[in-house]
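Me: I'd like to walk through this model with you, one question at a time. Shall we start with a look at it?

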Amino acid sequence: MHLLSVEHITKTYGEKVLFRDVTFGVEEGDKIGIIGVNGTGKSTFLKVIAGVEPPDSGTVSVGGRVVVRMLTQDPVFQAGETALEHVLGGDSPQLRAVQAYAAAMEAIALNPGSEKLQAELIAANAKMDELDAWQLENDAKTALSKLGIQQYDAKVETLSGGQRKRVAMAAALLLPSDVLILDEPTNHIDNESVAWLEGMLQKRKGALLMITHDRYFLDRVSNRVIELDRGEAYFYQANYSRFLELKLEREEREAASEAKRQNLLRNELAWIRRGAKARTTKQKARIDRFEALKAAAPKAADGKLDVSVASSRLGKKIMEAEGLSKSYGDRMLIRDFSYIAVPEDRVGIVGRNGSGKSTLLKLIAGRLEPDAGKVELGPTVKLGWFSQEREEMDETLRVIEYIREEAEQVRTADGTAISAGQMLERFLFPPAMQWTPIAKLSGGEKRRLQLLRVLMSAPNVLLLDEPTNDLDIATLTVLEDYLDDFPGVVFVVSHDRYFLDRTVEKIIAFEGDGVITMHTGNYSDYQAYAEKRGASTASAAANPAKTTGAKASEQSSDEAKPQAKERALKMSYKDQKDFESIEDWIAEAEAELANVAKAMEAASSDSFKLQELAAEQQRLEEKLESLMDRWAELNELAERIAAQKR
């Protein structure tokens with residue numbers, strides 16, 4: 001079914017042509033990825049298709065009953081509305097029925113004796129039955145939960161920017177539409193949410209247009225690609241992997257065509273230089289042909305980012321974190337974390353949103369003080385901090401002023417000294433653009449500029465906090481190549497699975513409640529381990545007696561002797577009983593947690609049940625943490641008693 005037609009649309013920004021004379025159609029089932037370097041007009045392209053901005057010329061035609069819905073990078077919310085109210089804030093009959101029922105329930109709660117309100121509630125209830133709208137509110141809560149929003153009644157204005165984006169995404173996914181348009185949907189959501197979103201969009205029946213830098217996501221979801229390149233649009237009936245192959249073939253054809261043109265041009269130039277007379281028709285035709293060949297020169301290719309910036313020398317001592325703990329109120333983010341960085345470390349930091357990943361980077365950088373423990377940096381360490389908030393950028397500055405604040409010139413890896421202006425050109429900021437105020441740059445261009453400033457400082461330890469947000473794929477590819485040759489240490493917080501697989505060799509995983517684990521390998525290695533662990537836990541939950549028996553059999557007769565000695569040294573009766581039973585209690589708590597995890601997976605579409613299970617999971621996690629603390633306390637006591645006896 002044909003949904004939408006784009007015919008000969010053109011859009012310019014000042015003197016810059018973003019795209020010209022673009023024509024294509026959108027059919028039901030199309031999942032189209034929009035690709036291009038930052039500043040090529042990808043977001044504007046989507047806004048024109050969605051009708052948010054008009055084209056300079058051309059038309060966008062939408063079918064009579066076709067609904068187009070767009071999730072922008074900066075969604076708009078009503079003052080005072082809650083997360084759930086925003087998700088249910090559409091105009092479909094089902095949504096209106098849900099809103100009417102909620103309003104009737106609220107009114108009857110304030111005045112339970114009113115017969116009029118009771119009649120309205122009965123009518124609202126009947127309308128919910130008629131439209132089968134009962135599932136809608138449940139679906140809304142499920143979508144919010146899957147995207148990491150657990151407080152459905154939280155005012156949207158009190159949420160962080162990333163949380164607001166996720167609320168808007170839940171609304172975009174839930175509200176009915178034939179064409180869904182998403183601008184960077186994977187920004188600000190964690191890996192689990194990205195995987196869930198992948199599944200949702202793969203199953204979605206309508207059409208989809210999206211901009212994303214997540215190459216795994218693009219590869220698994222898209223079946224068409226539109227590439228915006230220097231004002232032109234190129235179309236590929238392919239996912240991302242196949243797009244790369246087809247683009248290479250196109251560029252090879254263009255290169256062969258250009259080589260042929262250059263050869264003809266050389267021949268014609270030689271003829272012109274021999275003093276051709278332009279009086280005859282034949283000679284005039286050859287001169288015209290020469291001029292046509294000159295005019296047929298291809299557009300200058302996009303510049304190639306060059307980030308061969310030198311780094312400062314790094315000594316043997318780099319970073320040592322010992323016993324780090326950090327909490328906010330009653331919430332423990334980091335519990336007793338220790339790590340020693342080694343030369344050329346490549347460490348990825350993963351975990352759910354709000355688990356403490358950025359907090360760990362800030363502790364390493366000295367921007368936060370730990371509640372306990374310490375971080376020591378080596379005397380030669382020079383940190384490069386690439387934050388996700390662009391908090392250091394004064395957007396009233398011009399581009400070149402912002403870079404000159406860091407350094408007037410910098411030495412590249414080969415020892416060459418180049419100026420700030422020359423370095424900006426290498427980062428695709430031509431001279432005319434260098435005097436542009438930062439506020440006028442696109443989001444991706446600001447990120448690219450911030451990255452340049454970080455590298456201009458010649459760091460030897462890089463702290464990258466969500467570096468893939470707003471950077472285009474071409475820039476990410478070059479950054480990955482730079483990190484390959486970077487001689488220092490890199491800590492990177494990222495939800496981009498491809499980027500992590502490409503750049504890191506260790507994973508620090510935030511498991512929740514302050515627990516942090518270390519894993520060797522890239523993100524895919526860690527994911528395989530986590531899936532295997534989950535399967536083992538589920539298996540253990542299915543056979544608790546066998547697991548408990550196995551644990552008991554692991555206790556050797558040698559372990560019983562120290563226990564007897566400990567009792568002889570007057571270990572208290574309670575300590576003795578706890579010491580004998582603690583491992584069984586821990587095993588039971590782990591089995592209960594596994595059962596809850598299995599139940600949560602089975603109830604993934606039931607938000608009410610999910611909330612109950614989440615509360616039970618939190619209670620069990622706290623119980624297990626208490627048991628583990630008691631286990632550590634008793635074992636330490638046992639070791640001290642044994643040492644005294646020796």
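Me: Happy to have it in view. Which residue just after α1 takes a positive phi?
Reply: Keep in mind that this is a predicted model. Helix α1 covers residues 42-50. Just after α1, at a phi of about 85°, sits G51.

Me: And which residues of helix α1 are buried?
Reply: Buried here means under 20% relative accessible area. In α1, which spans residues 42-50, that label goes to K42, T44, F45, L46, V48 and I49.

Me: How much of the chain is buried?
Reply: The chain is built from 21 helices and 20 strands. It has 646 residues, and the buried share of them is 44%.

Me: Which helix gives the most to the largest nonpolar core?
Reply: That core has 56 residues, and V87, L88, L144, V167, L197 and L201 are those with the most contacts inside it. One helix, residues 161-174, gives eight residues to the core, and that is α6.

Me: Where does this core lie relative to domain 1 and domain 2?
Reply: Domain 1 runs over 1-67 + 177-237, and domain 2 over 80-162. Both give residues to the core, so its place is between them.

Me: Nice. What is L201 in contact with, leaving aside its neighbours within four places in sequence?
Reply: L201 is among the residues with the most contacts inside the core. Setting those sequence neighbours aside, its partners are K31, L173, L180, L182, L208, F217 and V221.

Me: How many residues does the second, separate core have?
Reply: Its members include I418, L476, L500 and Y523. The full count for this second core is 42 residues.

Terms used
Residues numbered from 1 in each chain as written. Predicted model: local features only at pLDDT ≥ 70, side-chain atom pairs only at ≥ 80, totals over all residues. Heavy atoms only, no water. Core = buried A, V, L, I, M, F, W, Y, C linked by side-chain atoms within 4.5 Å. Buried < 20%, exposed > 50% of the residue type's maximum accessible area, 1.4 Å probe, protein only. Helix = DSSP H or I, 4+ residues; strand = E, 2+ residues; numbered from the N terminus. Domains from an automatic or database assignment. Contact = heavy atoms within 4.5 Å.
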